[in-house]
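Trainee: I have a new model open and would like to walk through it with you. Could we take it step by step?

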Amino acid sequence: MTELIYYEDQYKKELEAKILKIEGNRIVLDKTIFIPQTNTEPGDYGKITNMKIAGSKKEDKDIWHIFQKPINFNEEDTLKLELDWNKRLYAMRLHSALHLLAGPFDRNFTKRAVAGAIKANHAYLVFKEEIEDELIDKSLEQANKDIQNNLEIKSNWDEKREGFRWTKVGDYAPIPDGGLHVKNTKEIGKITLVSKEMDQGKHKLTISIE
Ligand SMILES: [Zn+2]
């Protein structure tokens with residue numbers, strides 16, 4: 001089982017950890033700062049003892065770190081983890097931007113996003129119906145105002161459901177979420193709308209950050 005240091009301190013860029021398991025060019029460590037890739041989040045990149053990783057993946061309670069090249073490590077070895085911090089920080093800012101933007105749609109116009117995802121350079125929200133331009137403009141304006149108002153962003157474990165997390169931006173309703181966020185909206189920067197498109201009756205809004 002891997003201790004998930006990224007949930008304890010999402011700003012930690014380096015860590016020493018011990019190898020628990022090895023399989024081919026992938027390893028499980030006793031703890032990690034690399035959040036695994038999921039369908040909705042890009043996951044972390046970086047180096048482990050100067051060797052680049054191609055990413056990490058969660059299987060049961062283990063996080064497997066996958067190397068780009070063959071490795072020459074042994075169980076119990078202590079390795080040094082170094083996060084690709086620029087990528088991580090950008091992903092956290094984008095993720096927080098997406099949650100923040102969902103807030104005014106829900107609170108001010110009772111339009112709740114039914115899906116969302118974070119990609120390398122953009123993120124998107126999906127609504128189950130077409131959203132009028134005016135509501136999009138107003139929600140975007142409110143979210144950018146909220147950024148200036150330094151709202152706190154907090155994530156916590158669900159008290160009853162094991163392994164389940166929530167994230168709350170300011171006073172907006174908490175959203176179920178296993179990802180990582182910046183601690184304050186001021187770290188997001190500015191949210192810009194990249195595109196809005198209808199797809200099979202659903203409205204997809206794609207955003208980026210400056
Ligand atoms: Zn999320």
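**Hairpins, sheet and domains**

Trainee: Let's begin with β5 and β6: over how many bridges do they pair?

Mentor: Good place to start, and keep in mind that this is a predicted model. Strand β5 covers residues 46-48 and strand β6 covers residues 51-59. They pair in the antiparallel sense, with K47 standing opposite K52 in β6. The number of bridges in this pairing is three.

Trainee: Which residue in the turn between β5 and β6 has a positive phi?

Mentor: The two strands form a hairpin with two residues between them. One residue in that turn has a phi of about 45°. That residue is T49.

Trainee: And β6 with β7: which residue in that turn has a positive phi?

Mentor: Strand β7 (residues 62-67) runs antiparallel to β6, joined by six bridges. Within this pairing, K58 stands opposite I63 in β7. The two strands form a hairpin, again with two residues between them, and the positive phi of about 55° belongs to D60.

Trainee: Now the four-stranded open sheet: which strands are its edges?

Mentor: The order is β9-β10-β15-β14, with antiparallel pairing. An edge strand here pairs on one side only. That describes β9 (115-118) and β14 (191-199).

Trainee: Which helix packs on this sheet?

Mentor: Neighbouring strands of the sheet are turned by 15° against each other on average, direction ignored. The helix that packs there touches β14 and β15, and its direction makes about 150° with that of β14. It spans residues 133-148 and is α3.

Trainee: Which residue in β15 does S195 stand opposite?

Mentor: β14 and strand β15 (residues 202-209) pair in the antiparallel sense over eight bridges. Within β15, the residue opposite S195 is T206.

Trainee: Stepping back, how far apart are the C-alpha centres of the two domains?

Mentor: The domain assignment gives domain 1 as 3-83 and domain 2 as 87-209. Their contact takes nine residues from domain 1 and 11 residues from domain 2. On the domain 1 side, those residues divide into five nonpolar, two polar and two charged. The distance between the centres is 28 Å.

Trainee: Last one: what is the radius of gyration of the whole chain?

Mentor: The chain holds three helices and 15 strands. For 210 residues the globule rule gives 17 Å, and the chain's value is close to that, so it is as compact as a globular protein of that length. The radius of gyration is 19 Å.

Definitions and conventions. Residues are numbered from 1 along each chain as its sequence is written. This is a predicted model: local features need pLDDT of at least 70, side-chain atom pairs count only at pLDDT 80 or more; totals for chains, interfaces and linings use all residues. Two strands pair if DSSP finds at least two bridges between them. Axes are lines fitted to C-alpha atoms, for helices over the stretch in contact, and angles run from 0 to 180 degrees between N-to-C directions. Two residues are in contact if their C-beta atoms, placed from the backbone, lie within 7 Å. The radius of gyration is taken over C-alpha atoms; the globule rule is 2.2 Å times the number of residues to the power 0.38. Domain bounds come from an automatic or database domain assignment. Ala, Val, Leu, Ile, Met, Phe, Trp, Tyr, Cys and Pro count as nonpolar, Asp, Glu, Lys and Arg as charged, and the others, Gly among them, as polar.
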